[in-house]
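Please look over the sequence and the fold shown here before reading on. The report that follows moves from one helix to a pocket and then to a few unusual points of the backbone.

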Amino acid sequence: MRLTNEELVAISERAEKASPGPWQVASTTDGEYILDCDEWVVAATFERREDAYFVAHAREDIPSLLDHIAELEAVINVIREVAAEGYATACTSDEARAYGSIIDVLNRKEGVEE
């Protein structure tokens, strides 16, 4: 499933509005609690420790994943530009076909109609 730009922006906005991190897990007799960097409770009473750690790490993981996505999209855009330039200036039909194939693959991955 490909996320739209609107979905990525919404995820980013939620991450920016969340309590500052890093978050940590605190174990109590009632269950696992998640604390923000000021040790305020962000979420409480997880039955499973693994779930608490997943949520606690999401505070750092989601912004990191968003940055990674942005870097990959930048690389894809450079490849697209190079392929378009190569296609436009190709000296042989084989070169044009090769660059055209790259452009086609990128377009299919993004759901662009040909």
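In this predicted model, the buried residues of helix H2 pack against helix H1 (5–17), strand S1 (24–28), strand S2 (31–35), strand S3 (41–46) and helix H3 (93–109). The residues of H2 that are buried are Ala52, Ala56, Ala58, Arg59, Leu66, Ala83 and Gly86. One of them, alanine 58, is also the centre of a kink of about 50 degrees in H2. The helix runs over residues 49–89, and because each residue should add 1.5 Å, its 41 residues should span 60 Å, which agrees with the 58 Å that separates its end C-alpha atoms.

Helix H3, one of the packing partners of H2, holds isoleucine 103. This residue has a relative accessible area of 19%, and it counts as buried because that value lies under the cut-off of 20%. Leaving aside residues up to four places away in sequence, isoleucine 103 touches Ala83, Ala84 and Tyr87. Isoleucine 103 and glutamate 81 lie 22 residues apart in sequence, while in space their C-alpha atoms are 9.2 Å apart.

The largest pocket has a volume of about 230 Å³, and its lining is made of Arg2, Asn5, Ile69, Leu72, Glu73, Ile76, Asn77, Leu106, Lys109 and Glu110. Helices H2 and H3 each supply at least two residues of this lining, and it is H2 that gives the most, with five residues. Sorted by character, the lining residues are four nonpolar, two polar and four charged.

What kind of peptide bond joins glycine 21 and proline 22? The bond is cis, with omega at about 0 degrees, and proline 22 belongs to the loop between H1 and S1. Two further residues, glutamate 39 and threonine 45, have a positive phi although neither is a glycine. Such features deserve a note because most residues other than glycine have a negative phi, and most peptide bonds are trans. The table sets out the two residues with a positive phi.

| Residue | Place | Phi | Relative accessible area |
|---|---|---|---|
| Glutamate 39 | loop between S2 and S3 | about 65 degrees | 56% |
| Threonine 45 | strand S3 | about 55 degrees | 40% |

Glutamate 39 is exposed, because its relative accessible area of 56% is over the 50% cut-off. Threonine 45, with a relative accessible area of 40%, is partly exposed, because this value falls between the cut-offs of 20% and 50%.

Conventions: Residues numbered from 1 in each chain as written. Predicted model: local features only at pLDDT ≥ 70, side-chain atom pairs only at ≥ 80, totals over all residues. Heavy atoms only, no water. Helix = DSSP H or I, 4+ residues; strand = E, 2+ residues; numbered from the N terminus. Expected span 1.5 Å × (residues − 1). Bend = angle between axes of the 7 residues up to and from the residue. Buried < 20%, exposed > 50% of the residue type's maximum accessible area, 1.4 Å probe, protein only. Contact = heavy atoms within 4.5 Å. 1 Å grid on protein atoms, 1.4 Å probe; cavity = no way out; pocket = protein on both sides within 12 Å on 5 of 7 lines; lining within 4 Å. Points joined across faces, edges and corners; volume = space filled by probe spheres on them. Nonpolar A, V, L, I, M, F, W, Y, C, P; charged D, E, K, R; others polar.
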